[in-house]
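Look at the sequence and the structure shown here. The paragraphs after them go through some of the helices, their contacts and a few single residues.

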Amino acid sequence: MRKHGEFLFTSESVSEGHPDKVADRISDTVLDAYLSADPEARVACETLVTTNRVVLAGEVRGPASVTSELLVEAAREAIRDIGYDQSGFSWKNAEISNYLHAQSADIAVGVDSAGEKDEGAGDQGIMFGFATRETDTLMPAPLYYSHKILETMRDLRRAGDPRAAGLQPDAKSQVTLRYKDGRPVGATSVVISTQHDEGMDQAELREHLGGIVRDVLPEGWVPPDKEFYVNPTGIFVIGGPDGDAGLTGRKIIVDTYGGAAPHGGGAFSGKDPTKVDRSAAYACRYLAKNIVAAGLADRCTLQLSYAIGVSHPLSVYVDLDGTGQDVDETKLGDVLREVMNLSPRGIREHLRLNRPIYVPTSAYGHFGRTPDEDADTFPWERTDLVPALRSAFNR
């Protein structure tokens, strides 16, 4: 996203009940089940959901105590928690098939540490991180507000609030913001599509959702009424996996920065933290956020690259998009290597990623979330590197 001039930028979000997010949730449920039993477990779980059917596939390496029966029941409980008890998709009677199998020995030998060899990356790839002063969470504003609208709808639905009466779990939002000189100044349109009970009055639905949008957006940002779209195609009764199949990893832009920054291509959910698709992307966000939080720049894009079986990053790239505060980007890249061990093992240990903390990441974005000190969730959102970064640049 450019930082000068006047322009419009749009991001979308999807709810926890969107078919692809149901798949992500189940994959991360499988991951957390394995990490609860063994912090060193290896998991690469893909999930397919469709009409009253769930299919688990992929590779795992973990204790025998994590049985197929345990995983099937965990998946069923995840569906129940999301809120699906519909004729076409219900936690009670959905058929759940488990085709997970043992991890490839060829992958294991490249990734595992042995003798003098440190743990290598679980795959090759490039990972990006991003941070911007557009919001208090240092996330792009269009995605932040898209997530916030759906999170509010979810919270009201679960609480039984009258404003969410008749809403079902599947929903999407889209927010378009106007920028002037690189800063968001207001919304030009908002789109919400949400599954609902049969026979629900669309005008009443629009009124309730309009109130939610007004509560979420900053004062003066609400778009004109004609640019507020609710279920543009009409009724939305058949939804969730009954309305459309879902797969793990199909919402990577929703998961990251809403298109405001590059994405390396790898999905997150269902992958244990030896997979740099996940852990290094978390490290990139962590470093970019700390750079901005330290006052070194207003925007930061950061890239790491890895090769399978190699323990160190092949490159560290930093772009402050012309917003750096007398900071040399080449030096900053060197400083990042000093303040954090960027090997796969170093990232896992620094952020304490070998724990069952991944179910909460499966909807409403992996970044911009509030760290929970008690559960130590979203540790990549901490800003504890700020003192070291400031010291390195004599701030």
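What follows takes three pairs of packed helices in turn, with single residues along the way.

The model is predicted. Two packed helices are described by the angle between their axes and the distance between the axes. That description serves for each pair below.

Begin with helix 1, which covers residues 19-37. Helix 1 has 19 residues, and from its first C-alpha to its last it reaches 28 Å. That span is close to the 27 Å expected at 1.5 Å a residue. How many residues of helix 1 are buried? The number is 17 of its 19, and helix 1 is thus described as mostly covered.

Helix 1 packs with helix 2 at an angle of about 135 degrees, and their axes are 9 Å apart. Because an angle of about 135 degrees lies neither within 65 to 115 degrees nor over 145, helix 1 is oblique to helix 2. The two helices make a right-handed crossing. On the side of helix 1, the residues that meet helix 2 are Val22, Arg25, Ile26, Thr29, Val30, Ala33 and Tyr34. On the side of helix 2 they are Leu70, Leu71, Ala74, Ala75, Ala78, Ile79, Asp81 and Ile82. By class, this contact of helix 1 with helix 2 holds twelve nonpolar residues, one polar residue and two charged residues.

One residue of that contact, Ile82, can be followed further. Ile82 lies in helix 2, which spans residues 68-82. Is Ile82 buried or exposed? Its relative accessibility is 1%, and since buried means under 20%, Ile82 counts as buried. With its neighbours within four places in sequence left aside, Ile82 is in contact with Glu16, Gly17, Val22, Arg25, Arg157, Arg158 and Pro169. Among these, Val22 and Arg25 are also listed in helix 1 where it meets helix 2. Asp272 stands 190 residues from Ile82 along the chain, and the C-alpha atoms of the two are separated by 23 Å.

The second pair is helix 4 (residues 141-159) and helix 5 (residues 202-216). These helices pack at an angle of about 125 degrees, with 10 Å between their axes. That angle makes helix 4 oblique to helix 5. The crossing in which helix 4 passes helix 5 is right-handed. Helix 4 contributes Tyr145, Lys148, Ile149, Thr152, Met153 and Leu156 to the contact, and helix 5 contributes Leu209, Ile212, Val213 and Val216. Sorted by class, the contact of helix 4 with helix 5 has eight nonpolar residues, one polar residue and one charged residue.

Between strand 8 (167-180) and strand 9 (183-196) there is a loop, and Asp181 is in it. Asp181 is not a glycine, yet it has a positive phi of about 55 degrees. With a relative accessible area of 62%, Asp181 is exposed, because exposed means over 50%.

The third pair involves helix 8 (residues 276-293). Helix 8 has 18 residues and reaches 24 Å from its first C-alpha to its last, close to the 26 Å expected at 1.5 Å a residue. Helix 8 is mostly covered, with 17 of its 18 residues buried. Gly295, just after helix 8, takes a positive phi of about 80 degrees.

Helix 8 packs with helix 10 (residues 344-351) at an angle of about 60 degrees, their axes being 10 Å apart. The two helices are therefore oblique to each other. Here helix 8 passes helix 10 in a left-handed crossing. Val276, Ser279, Ala280, Tyr282, Ala283 and Tyr286 are the residues of helix 8 that meet Pro344, Ile347, His350 and Leu351 of helix 10. This contact of helix 8 with helix 10 has eight nonpolar and two polar residues, and no charged ones.

The loop between helix 10 and helix 11 (386-392) contains Glu381. Tyr364 is also placed in the loop between helix 10 and helix 11. Tyr364 has a positive phi of about 70 degrees although it is not a glycine. Tyr364 is buried, with a relative accessible area of 3%. Glu381, at 2% relative accessibility, counts as buried. Which residues does Glu381 contact, leaving aside its neighbours within four places in sequence? They are Thr137, Arg285, Lys289, His366, Phe367, Gly368, Arg369 and Pro371.

Notes. Residues numbered from 1 in each chain as written. Predicted model: local features only at pLDDT ≥ 70, side-chain atom pairs only at ≥ 80, totals over all residues. Heavy atoms only, no water. Axes fitted to C-alpha atoms, helices over the stretch in contact; angles between N-to-C directions. Helix = DSSP H or I, 4+ residues; strand = E, 2+ residues; numbered from the N terminus. Parallel < 35°, antiparallel > 145°, perpendicular 65-115°, else oblique. Left-handed = near helix turned anticlockwise from the far one by under 90°. Contact = heavy atoms within 4.5 Å. Nonpolar A, V, L, I, M, F, W, Y, C, P; charged D, E, K, R; others polar. Buried < 20%, exposed > 50% of the residue type's maximum accessible area, 1.4 Å probe, protein only. Expected span 1.5 Å × (residues − 1).
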